[in-house]
Amino acid sequence: MDQVKLGAFVAQLRRERGWTQEELGERLGVTNKTVSRWENGNYMPGIEMLALMGREFDVSLNELLEGRRMDDEAEFRAAADKNLASAMESRLDRFWKWMERYGAYAALVFALCCIILMLSFVLYRNRITYPYDALPVGTWGNTFARRSDAAQHGEYVVLDRDGRYYRYRQFQPLEQGHWEIWDPSLVRVTVGGEHRDMVIKRGTLYAPNEEGVIELFQWMSGTPSFINVSPEEFEP
């Protein structure tokens, strides 16, 4: 059945009776927008609604499905047989016909859905197996500064996979503690029972020092590393 042809026939029958789409909708118990979708061929009415339309327009169900009036008895029977065969057609047959018509698009969409599902599964499994890979594990450093002729080494923040936090200047350990992530951009550091929050945004770590001053650290490496300092030196 051709729903575009059916819609055009419904519009023709409605105009013959001088009804607006809103008036037809009131008779059928639907909105004028639904009637508009039928007439434009964008939506197919259900079998019960088609039967109701037939009574309102005084036409048979076969005529509605064919999208035209039929006066010849042989033609009417042929249309009835065709519509009955279409109604009895298996879902699998309809699926293959739909694939023949839209197969290329359907195959592309199906392939994209499969790829997305596979990637989602891999990312999920990776996060379960290596939970810290999704976290800001690694080394962060601020800019290298100069004062007059003397070089001043920058500071570094290290977050390791065991949840330990280190902050140091080259040759000088500053503090150590533990860290935990609260959301993808917020890391809470605990040092000596005191909590401090660090924010990550666009590759920059905004970290307050023990005096509450916010300092900026740039992403350097995904590996916790130390320069001229060892983790053992942080022990009291």
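Seven helices and ten strands make up this protein, and keep in mind that the model is a predicted one. Of its 236 residues, 31% are buried. If you look at contacts between residues at least 6 apart in sequence, 44% of them join residues at least 24 apart. The accessible surface adds up to about 15700 Å², with carbon and sulfur atoms accounting for 55% of that.

**Around helix H2**

Let's start with H2, which spans residues 21–28. Its buried residues are Leu24, Gly25 and Leu28. Looking down the H2 axis, you'd find these buried residues within an arc of 100°, so they line one face of the helix. That fits the usual helix geometry: with 3.6 residues a turn, residues three or four places apart point the same way. And what sits on top of them? The cover over the buried residues of H2 includes helix H1 (3–16), helix H3 (32–39) and helix H4 (47–57). Right after H2 comes Gly29, and this glycine takes a positive phi of about 80°.

**Strands E7, E8 and E9**

Further along the chain, E8 (residues 194–201) pairs with E7 (residues 186–191) in the antiparallel sense, over six bridges. Within that pairing, Val189 stands opposite Arg196 in E8. E8 also runs antiparallel to E9 (residues 204–208), and three bridges join these two strands. Here Lys201 stands opposite Thr204 in E9. As a general point, side chains in a regular strand alternate between the two faces of the sheet.

Both pairings are hairpins. The E7 and E8 hairpin has two residues between its strands, and Gly192 has a positive phi there. The E8 and E9 hairpin likewise has two residues between its strands, with Arg202 in the turn taking the positive phi.

Here are the positive phi values for the three residues picked out so far:

| Residue | Where | Phi |
|---|---|---|
| Gly29 | just after H2 | about 80° |
| Gly192 | hairpin of E7 and E8 | near 55° |
| Arg202 | turn between E8 and E9 | about 50° |

**Aromatic rings**

There are eight aromatic pairs in the structure. Which residues form one aromatic cluster? Three tyrosines and two phenylalanines do: Tyr156, Tyr166, Tyr168, Phe226 and Phe234. If you want to describe any pair of aromatic rings, you'd give the distance of the centres and the angle of the planes.

One last ring is worth a look, that of Trp19: the charged end of Arg17 sits over it, 6.0 Å from the ring centre.

Definitions and conventions. Residues are numbered from 1 along each chain as its sequence is written. This is a predicted model: local features need pLDDT of at least 70, side-chain atom pairs count only at pLDDT 80 or more; totals for chains, interfaces and linings use all residues. Side-chain values use heavy atoms; hydrogens and water are left out. Two strands pair if DSSP finds at least two bridges between them. Helices (H or I, at least four residues) and strands (E, at least two) are DSSP runs, numbered from the N terminus. Buried means under 20% relative accessible area, exposed over 50%, partly exposed in between (1.4 Å probe, protein chains only). The arc is that of the directions from the helix axis to the C-beta atoms. Contact means heavy atoms within 4.5 Å. Accessible areas come from the Shrake-Rupley method with a 1.4 Å probe; for residues, only the protein chains shown count as cover. Rings of Phe, Tyr and Trp (its six-membered ring) pair if their centres lie within 6.5 Å; planes under 30 degrees apart count as stacked, over 60 as edge-to-face and the rest as tilted. A charge sits over a ring if NZ of Lys or CZ of Arg is within 6 Å of the ring centre and within 35 degrees of the ring normal.
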